[in-house]
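Please work through the following exercises with the sequence and the model open side by side, and try each task before reading its solution.

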Amino acid sequence: MPTNGRFLCLRTFFSGSLRGWGITLSRLGNLQNRVTVEAAGRYDASANTMVIEEAYSFEDGHRDILTWTIINRGQGRYEGRETLIGGTAEGTQAGNGFHRKYHREVPAADGSKTKYTFDDWFIPHDENHMTAHASLTKLGIEFATISAFYERVS
């Protein structure tokens, strides 16, 4: 079961297929974009590693494809890797949710990329639903937030 009343179990919740819906808001709270997400994950018990593939489709027509490799480092600590992040994403179990921070180049509709610092939170609602919230900052200034709702479909 993905949640046990204490925390989000990443390997269980993200195993299989997920879909999501969300919005991006500007730093002033204006709607920038709507987004849909298709994701699939698989857990490799021998390597204690989770691979999650996410495809974000934005209302303005651009897409962002992420392939995360997440390693469980024990004691509620995780290390994530993805091709467009600088270094690693450090994550921790935090209360009943999961929190991580990292730097990533984000592609725009015109093909350009901007590097942001992400501060992500994942909060489970039940075993099949979760809310994700990300704050995107640059030089310490928040430029946007992304909020998305995920549903397990298998």
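The exercises below concern a predicted model, and they go from the overall fold to the pocket and then to single residues.

**Exercise 1. Determine in which order the strands close into a barrel, and how they pair.**

Step 1: Following the pairing from strand to strand, one finds that 10 strands close into a barrel in the order S1-S2-S3-S4-S5-S6-S7-S8-S9-S10, and that the pairing is antiparallel.
Step 2: If direction is ignored, neighbouring strands of this sheet are turned by 25° against each other on average.

**Exercise 2. Describe how S6 is joined to S5 and to S7.**

Step 1: Strand S5, which covers residues 77–81, runs antiparallel to S6 and is joined to it by 4 bridges, and the two strands form a hairpin with 3 residues between them.
Step 2: Within this pairing, Tyr 78 stands opposite Gly 91 in S6.
Step 3: Strand S6, residues 85–94, also pairs with S7 in the antiparallel sense, here over 7 bridges; Glu 90 has Lys 101 in S7 as its bridge partner, while Ala 94 stands opposite Gly 97 in S7.
Step 4: The hairpin of S6 and S7 has 2 residues between the strands, and in this hairpin Gly 95 takes a positive phi near 65°.

**Exercise 3. Characterise the largest pocket by its volume, its lining residues and the strands that supply them.**

Step 1: The space in the largest pocket comes to about 630 Å³.
Step 2: The pocket is lined by 35 residues, of which Phe 58, Val 106, Phe 118, Leu 136 and Ile 146 are the closest to its centre.
Step 3: Sorted by kind, the lining holds 22 nonpolar, 7 polar and 6 charged residues.
Step 4: At least two lining residues come from each of the strands S2 (31–44), S3 (49–58), S4 (63–74), S7 (97–107), S8 (113–126), S9 (129–138) and S10 (141–152), and S10 gives the most, with 6 residues.

**Exercise 4. Decide whether Ile 71 is buried or exposed, and find which residues it is in contact with beyond its neighbours in sequence.**

Step 1: Ile 71 belongs to strand S4.
Step 2: The relative accessible area of Ile 71 is 18%, and because the cut-off for buried is under 20%, Ile 71 counts as buried.
Step 3: When neighbours within four places in sequence are left aside, Ile 71 is in contact with Asn 48, Thr 49, Arg 77, Tyr 78 and Glu 79.
Step 4: Thr 49 is 22 residues apart from Ile 71 along the chain, yet their C-alpha atoms are separated by 4.6 Å.

**Exercise 5. Work out where Asn 48 and Gln 75 lie, what sign their phi angles have, and how accessible they are.**

Step 1: As background, most residues other than glycine have a negative phi.
Step 2: Asn 48, in the loop between S2 and S3, has a positive phi of about 55° although it is not a glycine.
Step 3: Gln 75, in the loop between S4 and S5, likewise is not a glycine and has a positive phi of about 55°.
Step 4: For accessibility, exposed requires over 50% relative accessible area, with partly exposed lying between that value and the 20% limit for buried. Asn 48, with a relative accessible area of 26%, is therefore partly exposed, whereas Gln 75, with 83%, is exposed.

Terms used
Residues are numbered from 1 along each chain as its sequence is written. This is a predicted model: local features need pLDDT of at least 70, side-chain atom pairs count only at pLDDT 80 or more; totals for chains, interfaces and linings use all residues. Side-chain values use heavy atoms; hydrogens and water are left out. On a 1 Å grid over the protein atoms alone, a cavity is a set of points where a 1.4 Å probe fits but cannot get out, and a pocket is an open set with protein on both sides within 12 Å along at least five of seven lines; lining residues have an atom within 4 Å of a point. Grid points are joined across faces, edges and corners, and a volume is the space filled by probe spheres set on the points. Ala, Val, Leu, Ile, Met, Phe, Trp, Tyr, Cys and Pro count as nonpolar, Asp, Glu, Lys and Arg as charged, and the others, Gly among them, as polar. Two strands pair if DSSP finds at least two bridges between them. Axes are lines fitted to C-alpha atoms, for helices over the stretch in contact, and angles run from 0 to 180 degrees between N-to-C directions. Buried means under 20% relative accessible area, exposed over 50%, partly exposed in between (1.4 Å probe, protein chains only). Contact means heavy atoms within 4.5 Å.
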